[in-house]
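Trainee: Could you take me closely through one part of this model, namely the ligand and the pocket around it? I would value a connected account.

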Amino acid sequence: MALANSETGDARAVRRPGRGAAAAEGLAGAPPALQPSEFAEICRFAHERFGLDLKSGKEELVSARLSKKLRQHGFRSFRQYFDFVRADASGEAMTGFIDALTTNHTSFLREPVHFDFLRQTVLGTFGRARPLRIWSAACSTGEEPYSIVCSVLARSEAGAVSVLATDISARVLEIARRGVYPASSLAAMPRDWLSRFFQRGRGASEGLYRIKAEVAAQVEFRRLNLIESTARAGAFHVIFCRNVMIYFDKPTQQRLVRQLGEQLVPGGYLFVGHSESLAGVDHALTYVRPAIYRRAAGEHGR
Ligand SMILES: C[S@@+](CC[C@H](N)C(=O)[O-])C[C@H]1O[C@@H](n2cnc3c(N)ncnc32)[C@H](O)[C@@H]1O
């Protein structure tokens, strides 16, 4: 995953000599230096397993991000930490590794054009589909899939909706399943949606909102790695695959977009993030408008 240098935090410390013993005891101290061979191995692994495009020049960023994990687990070198990640059968360490190298930033009704298009155009096209099948690929902490369900349910004439929400990170999926959010994160949601689709917390939960059970019931959360075959996920009227592809290299994007295209029903839509471009990616989809693509309609003109 290509990461912006602005996300490095204080990367200057990373070149200082290591003080592993202090780190192992959880004491403050400079982290060990990331060796070129360690960086190369981490890059290869992150690319093979998760499609992350960690180009050279990102050493400081990777070091800064993973140093926190070293400190957390008390390791004296990146090699020790990396061996631990690969050996951990529970998958927890792997989640920590990928979370450290990626960003989970998301929000309710993020890139609102997609949700307007969903209500105004998609529901017009597929309104009679029972259920309307939508996939939120790389759903992070759940704001995207819940925004989808609320947008559909807000149209009283709309029928049932079934959302598959997937992510590589078990940690974010746990937060998503819980469905509890601070009021401040809901600012973009129309006011009447809050009372309709959320339960307001009281007492110790003051300031928090929980997604209502009937909304949550429309979403199935599942762990899925987008660089593996996604065919099992099935066919969809709409796929949201936003703000994850930018982090993959072109060949990985290419494979993914082709795969997603095949998983759209005829006339189905693919939404990508507005900062992501499919330029240079060879695909069979039709450009509709920025960040919206469509599979050719079938013979019934759907
Ligand atoms: C920036 S968030 C995007 C969230 C949401 N789609 C949005 O646009 O608001 C990127 C998400 O992609 C997930 N991710 C990264 N690599 C992945 C992979 N190989 N397969 C599936 N999800 C991945 C991360 O765990 C993270 O939650």
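**The largest pocket and its ligand**

Mentor: In this predicted model, the lining of the largest pocket comprises, by class, 13 nonpolar, 10 polar and 5 charged residues. In total, 28 residues line this pocket, and those nearest its centre are Thr103, Ala138, Asp167, Asn243 and Val244. Two elements, helix H5 (92-101) and strand E2 (161-167), each give two or more residues to that lining. The space within the largest pocket amounts to about 380 Å³.

The ligand sits in this largest pocket. Around the ligand there are 20 residues, of which Thr106, Arg110, Ala138, Asp167 and Asn243 come nearest. Ala138, Asp167 and Asn243 are also among the lining residues that lie nearest the centre of the pocket. By class, the shell around the ligand consists of 8 nonpolar, 8 polar and 4 charged residues.

Individual polar contacts may now be considered. Thr106 places a polar side-chain atom 2.6 Å from an oxygen atom of the ligand. Arg110 likewise has a polar side-chain atom 2.8 Å from an oxygen atom of the ligand. With Phe50, the backbone is involved: one of its polar backbone atoms is 3.1 Å from a nitrogen atom of the ligand. As for burial, the ligand on its own has 600 Å² of accessible area, and the protein covers 99% of it.

Conventions:
Residues numbered from 1 in each chain as written. Predicted model: local features only at pLDDT ≥ 70, side-chain atom pairs only at ≥ 80, totals over all residues. Heavy atoms only, no water. Near = heavy atom within 4 Å. Polar contact = N/O pair within 3.5 Å; in protein donor to acceptor, adjacent residues only side chain to side chain. Areas by Shrake-Rupley, 256 points an atom, 1.4 Å probe, with all protein chains shown as cover. 1 Å grid on protein atoms, 1.4 Å probe; cavity = no way out; pocket = protein on both sides within 12 Å on 5 of 7 lines; lining within 4 Å. Sits in = over half its atoms within 2 Å of the grid points. Nonpolar A, V, L, I, M, F, W, Y, C, P; charged D, E, K, R; others polar. Points joined across faces, edges and corners; volume = space filled by probe spheres on them. Helix = DSSP H or I, 4+ residues; strand = E, 2+ residues; numbered from the N terminus.
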